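Reader: I'm new to reading protein models, and I'd like a close look at one part of this one. Could you walk me through a sheet and what lies around it?

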Amino acid sequence: MTDIFDSTILCSKCNSKMKKQDIIKNSFLLRTVVCGKCSERLIHPVDEQEYHKFINLKNKEFRVKMRLVGNSYAISIPKEIVLFMQDQEKIMDDMVRLCFEQMGRVSLNFVEEEKNNIHKIKTINNKNG
Ligand SMILES: [Zn+2]
């Protein structure tokens with residue numbers, strides 16, 4: 001499959017050749033092309049669309065109920081969040097790291113620490129096989 005960013009893109013403002021440049025916005029990797037002359041920037045349409053989906057989900061607050069299951073409490077993670085992450089990461093481990101971050105806050109970590117800053121990863125090698 002050819003990507004539109006693989007072809008030569010000319011700046012709509014000054015007609016110069018644009019160069020590929022990845023940027024990170026809100027921990028999200030965006031493929032862009034930038035004009036060396038006038039600094040005009042174009043975001044890859046697919047990435048832009050995904051980024052908007054991400055921002056919408058990011059700002060959404062879910063109220064979920066705690067249930068006692070054996071000796072633990074279980075909460076349900078909304079499907080749309082998990083599906084979005086799976087779609088971005090392609091492969092996602094079913095093991096999640098949970099941390100009592102601060103009083104009143106528990107965090108869940110779905111990706112490996114070193115990849116934490118960039119949520120858009122093409123493939124993740126599962127360490128546990
Ligand atoms: Zn330009």
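What pLDDT does the chain average, and what share of the residues score at least 70? And then, how do the strands S1, S2 and S3 form their sheet?

Author: Happy to. Keep in mind that this is a predicted model. The chain averages a pLDDT of 84, and 83% of its residues score at least 70. If you go element by element, strand S4 (residues 67–69) comes out with the highest mean pLDDT, 96, while helix H2 (residues 79–89) has the lowest, 85. Then there's the stretch from 119 to 129, where the pLDDT is below 50. Beyond near neighbours in sequence, that stretch has 18 contacts in the model.

Now for the part you asked about. Start with strand S1, which covers residues 18–25, and strand S2, which covers residues 28–35. They make a hairpin, with 2 residues between them. Look at Asn26 in that turn: its phi is positive, at about 50 degrees. The two strands pair in the antiparallel sense, and 8 bridges link them. To see how they line up, find Lys20, then look across to S2, where Val33 stands opposite.

In general, the strands of a sheet pair through backbone hydrogen bonds, and they can do that in a parallel or an antiparallel way.

Next, bring in strand S3, residues 41–43. S2 and S3 also run antiparallel, joined by 3 bridges. Here the pair to look for is Thr32 with Ile43, the latter sitting in S3. Put it together and you get an open sheet of 3 strands in the order S1-S2-S3, with antiparallel pairing. S1 and S3 are the edge strands, so named here as each pairs on one side only. The strands aren't lined up perfectly, either: ignoring direction, neighbours in this sheet are turned by 35 degrees against each other on average.

What lies across the sheet? That's helix H1, residues 45–58, which lies across S1, S2 and S3. Compared with S2, H1 runs at about 140 degrees.

To place this part in the whole chain, read the elements from the N terminus on: β-β-β-α-β-β-α-β-β. In total there are 2 helices and 7 strands. Of the chain's 129 residues, 2% count as buried. And if you take the contacts between residues at least 6 apart in sequence, 36% of them join residues at least 24 apart.

Note on methods: Residues numbered from 1 in each chain as written. Predicted model: local features only at pLDDT ≥ 70, side-chain atom pairs only at ≥ 80, totals over all residues. Pairing = 2+ DSSP bridges. Helix = DSSP H or I, 4+ residues; strand = E, 2+ residues; numbered from the N terminus. Axes fitted to C-alpha atoms, helices over the stretch in contact; angles between N-to-C directions. Contact = placed C-beta atoms within 7 Å. Buried ≥ 20, exposed ≤ 12 C-beta atoms within 10 Å, placed from the backbone. pLDDT = per-residue confidence, 0-100.
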